[in-house]
Amino acid sequence: MVTVPVNPLAYNTLWQIRADAWSSLEETAGQLVLAGTQQLPVEQLGETVTGLLDVLGPIERLWAFPGMQAFQKMRRLFAAGKYDRFAALVSDINRALATDSFRSGQALDLGAEDEPFDRAINPLEQARTERPYFEVLVVEDLSEQQERALHEELRRRRRPDDPFVYEIVVLPSFDDALMAARLNFRLQACVVRRRFTHRSRYDSSSLAQFVYSGGSADLMQRSPDERAQVLARSLARIRPELDLYLMTEISVEDLAGRLSHHFRRIFHTREGSLELHLSILDGVSARYRAPFFSALRSYSHRPTGVFHALPISHGNSIVESHWIRDMLDFYGLDIFLAETSATCGGLDSLLEPTGPLREAQQLAAATFGSRQTYFVTNGTSTANKIVVQALVQPGDIVLVDRNCHQSHHYGLMLAGAMVTYLEAYPLNEYSMYGAVPLKEIKGKLLALRRAGKLDRVKMVLLTNCTFDGIVYDVGRVMEECLAIKPDLVFLWDEAWFAFARFHPVYRPRTAMRAARTLIEKLRLPEYRQRYDKFAEEVGAIDAAPDEVLLEQRLLPDPARARVRVYATQSTHKTLTSLRQGSMIHVFDQDFSHKVEETFHEAYMTHTSTSPNYQILASLDLGRRQGALEGFEMVVKQIENAMRLRDAVDHHPLLSKYMRCLTTADLIPAGYRPTGIDQPLRSGLPNMIKAWEHDEFVLDPSRVTIFIGATGIEGDAFKRSHLMDRYGVQINKTSRNTVLFMTTIGTTRSSVAYLIEVLVTIARDLEARLADMSPAERAAHERAVLRLTAPSAPLPDFSGFHPAFTDGHEPPTPEGDVRRAFYLAYHDSYCDYLMPDEAEQRVENGDQVVSTTYVTPYPPGYPILVPGQVFSPQILSFMRSLDTPEIHGYRADLGYRVYTGKALEIAATTRPAPPPGQPD
Ligand SMILES: Cc1ncc(COP(=O)(O)O)c(C=O)c1O
């Protein structure tokens, strides 16, 4: 019994199986050729080849290159014992795949069946063309001959000036088509013809961990139109970017009226393939367009005379310089040619875009599934402030995750919001927070309802995903909150999640997709019925007791709920963009009549009148890349992350000192009804199940490694070990963990380098341990013990001092951070307290109140905010920290706090509630 070197069950992604199987096949085929002369075990090698061909068979059906014709030919050569030619063909295919040379679109020269395979004329040896290559899925049950004819017909349509080159992959069934959409990331378009079956006739059981069956059971009983519609809808759900075409023999005019919203175009079969060919190219060209980048590039090549600011424009101040020539050498001239402040002459104004920038933003909206998208040139820090200012008036209540990024704390302060902090679940073992449970959000909303303040609640603001990769069930959070407050606005900070749009499993948990799903759902008659039944059971939601509403899954009233969703994304963090490139995506039913103007004002407030064009152009290109190869890149990103996890967990030395934290470590079981501890590891269907049902899931592309057993603190591990010695950059650590993020820029080599570094660190540690004196060893063991035992619990938000609340009874937790912040501008109202003194005062029952944000790094979120009272937990947590970096705290002076007098003044000068609000 021979073991096949590639066991699909041991892999996380199909792409990797494919690459490894081809490499193994090439190696084994080579040995087979030599077997006769070198007495290698022919039979055993033959069995290995058979095993590998069986692994590859179901995979290759889904890809246009090398195509089933070449694959079958390979099988025949092998079966006929023509090992030389078999090995040559395998080697050509593997090389073409490994070097991407197949992207030239040249067909493999397969030769006649019994002719020698003439490698000298193999067109794959020819130079690659630079035209981008993609694949097109044709869904129709065709005979082999018909399929070949279609291939040839479309190839004949190629012209030298086509902007792209493509190949087709023909599949006969609905199931095959969905599988290809999920697995073949080179697909850019799909042509649906009328004759296709529902179930696949192929055995794909070897791919079980990557596929899951879909589609309704009665597809074949439906009319061909309906079948085409169901297929189009299912494909769009998996890959919304695919251009879908319908080819039909019946009345196209009639179909166009009924089905055109599912398909980019509908053709009559008899029209032939030219229109189809041109449409396919045109569809991809539409996504390929990068209007602002193109405008900037053509502008940069025009001669100009600059008689205003920006001496760097066209490199003028550099080219003639004697002292900063190296600037030009380093950056190259093009970047300066593109430096301009022009807003006309083909360019556009970011503050009032009407030309290429507007178009670039519209393309981004289409790609990210928003109704409007705005580019931001100074990061999501600014994007967040824009959204908050656009929507929140002074006095509005905003519910926000306390561990959110500092930009929200500052943005809400500037906006004058009454801030209600939400508590995330703690992970004390790792000195981290998870995410905010839905029950916590509902609980806070219900408390505000009880106090009669629900009408003042404006927004819920959450970070998805969190820095550590915890992902919310975005749709469910919005549904249940809207059931309590139907016009609530949601701001999802997706600083770390822009890439999620491009993967079908991640996408439903993004704000824009969840918003679209929600609005569609609310309009369904079946939903109305469900809601009526729910309302009957629960009674009037405004009167139902809190306990019932907390436990029940709540449904929003479709007649009242408004879908008002915003997402901010640091494109530069997870996609291609120059630093600070960020986007705001809007899906707000009330945008045009309620927000557009204030949004514009907020945008003007925070946007430079000299925005950086390079950043804008890179956002345009980042969008193009996402639209055309986002899926491929994210698949590879996940694969790299899984490779890193496997390497750490399976390495005998590394696993002694380090451990990758899993879903089960970072998400308590109570938030995971599916009970799946390692969703992706146990197969894609399990990942899909967990991502569909669990309250929180873990983004597998973020790898948190527990390093407690090394006895080295997270921050020291980052600075002295990873960064200073080996140049490995990371930006998040906790007391005993380090976070490694993979992105679309992570390469296999960078993962390999990281492993090498980690192994070196572990080896050094082993060597040091071996040489330690008993006293040193004891100190090391104490450090390990300290890092592996749970630390002081992370402190909850203690509360605002009553002087900074609205003073209403019953009290609710929101506080006026802006007033608390600005009051401290009066020096005479403030004092400094050293920790001992603060502890003493708190112990005596005094209310000690912070004037400012106190933010230790790590964990990187404010432990105290302006107006917040100190608690014993906060003080003991602060004492337990040994980070040198604490913003808002001066080691020489201590905490800055309000004097008793200041608090008295604050309590008596509380502003009246905003007009139109309850008094
Ligand atoms: C959750 C979150 N939001 C917003 C930001 C700010 O993004 P940017 O760096 O693009 O300004 C960050 C930065 O780390 C972040 O972690």
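## Ligand shell, salt bridges and sheet

User: Hi! In this predicted model, how do the residues of the shell around the ligand divide into nonpolar, polar and charged?

Analyst: Happy to help, and yes, this is a predicted model. The shell includes Ala495 and Trp496, and also Asp493 and Lys573. By class, the residues around the ligand come to two nonpolar, two charged and eight polar.

User: Which side chain has an N or O atom 2.6 Å from a nitrogen atom of the ligand?

Analyst: Let's go through the polar atoms around the ligand. A ligand oxygen lies 2.8 Å from a polar backbone atom of threonine 380, and another contact puts a polar side-chain atom of serine 570 at 2.7 Å from an oxygen of the ligand. The 2.6 Å distance to a ligand nitrogen belongs to the side chain of aspartate 493.

User: How much of the area that the ligand exposes when taken alone does the protein bury?

Analyst: Start from the contacts, such as the one at 2.7 Å between a ligand oxygen and the side chain of serine 570. Taken alone, the ligand exposes 390 Å², and the share of this that the protein buries is 85%.

User: Which element gives the most residues to the shell around the ligand?

Analyst: Two elements give two or more residues to the shell, namely helix 22 (571-574) and helix 15 (379-391). Gly379, Thr380, Ser381 and Asn384 are among the residues around the ligand. With four residues, the top contributor is helix 15.

User: Now for charges: how far apart in sequence are the parts that aspartate 176 and arginine 61 tie together?

Analyst: The structure holds 55 salt bridges, and one of them joins the side chains of aspartate 176 and arginine 61 at 3.4 Å, N to O. Aspartate 176 sits in helix 6 (residues 174-183), while arginine 61 is in the loop between helix 2 (42-60) and helix 3 (67-79), so the parts tied together are separated in sequence by 115 residues.

User: Are aspartate 176 and arginine 61 buried or exposed?

Analyst: The cut-off to use here is a relative accessible area under 20% for buried and over 50% for exposed. For both aspartate 176 and arginine 61, the label is buried.

User: Which elements hold arginine 719 and glutamate 885?

Analyst: These two side chains meet in a salt bridge at 3.9 Å, N to O. Arginine 719 is partly exposed at 39% relative accessibility, and glutamate 885 is partly exposed at 32%. The pair ties together parts 166 residues apart in sequence, because arginine 719 belongs to helix 28 (residues 714-726) and glutamate 885 to strand 24 (residues 885-887).

User: Where do glutamate 781 and arginine 777 lie?

Analyst: Their side chains form a salt bridge at 3.5 Å, N to O. Glutamate 781 is partly exposed at 45% relative accessibility, and arginine 777 is partly exposed at 35%. They are four residues apart, about one turn, and both lie in helix 30 (residues 774-788).

User: Which strands stand at the edges of the open sheet of eight strands?

Analyst: The order in this open sheet is 6-15-14-13-11-7-8-21, with mixed pairing. Two strands have a single partner each, so one side of each lacks a neighbour in the sheet: strand 6 (372-376) and strand 21 (815-816).

User: Which residue of strand 14 stands opposite tryptophan 492?

Analyst: Strand 13 (residues 489-493) and strand 14 (residues 564-569) run parallel and are joined by four bridges. Opposite tryptophan 492, strand 14 places alanine 567.

How values were computed:
Residues are numbered from 1 along each chain as its sequence is written. This is a predicted model: local features need pLDDT of at least 70, side-chain atom pairs count only at pLDDT 80 or more; totals for chains, interfaces and linings use all residues. Side-chain values use heavy atoms; hydrogens and water are left out. A residue is near a molecule or strand if one of its heavy atoms lies within 4 Å of it. A polar contact is a pair of N or O atoms within 3.5 Å; within protein, one must be able to donate a hydrogen and the other to accept it, and residues adjacent in sequence count only if both atoms are side-chain atoms. Accessible areas come from the Shrake-Rupley method with a 1.4 Å probe; for residues, only the protein chains shown count as cover. Ala, Val, Leu, Ile, Met, Phe, Trp, Tyr, Cys and Pro count as nonpolar, Asp, Glu, Lys and Arg as charged, and the others, Gly among them, as polar. A salt bridge is a side-chain nitrogen of Lys or Arg within 4 Å of a carboxyl oxygen of Asp or Glu. Buried means under 20% relative accessible area, exposed over 50%, partly exposed in between (1.4 Å probe, protein chains only). Two strands pair if DSSP finds at least two bridges between them.
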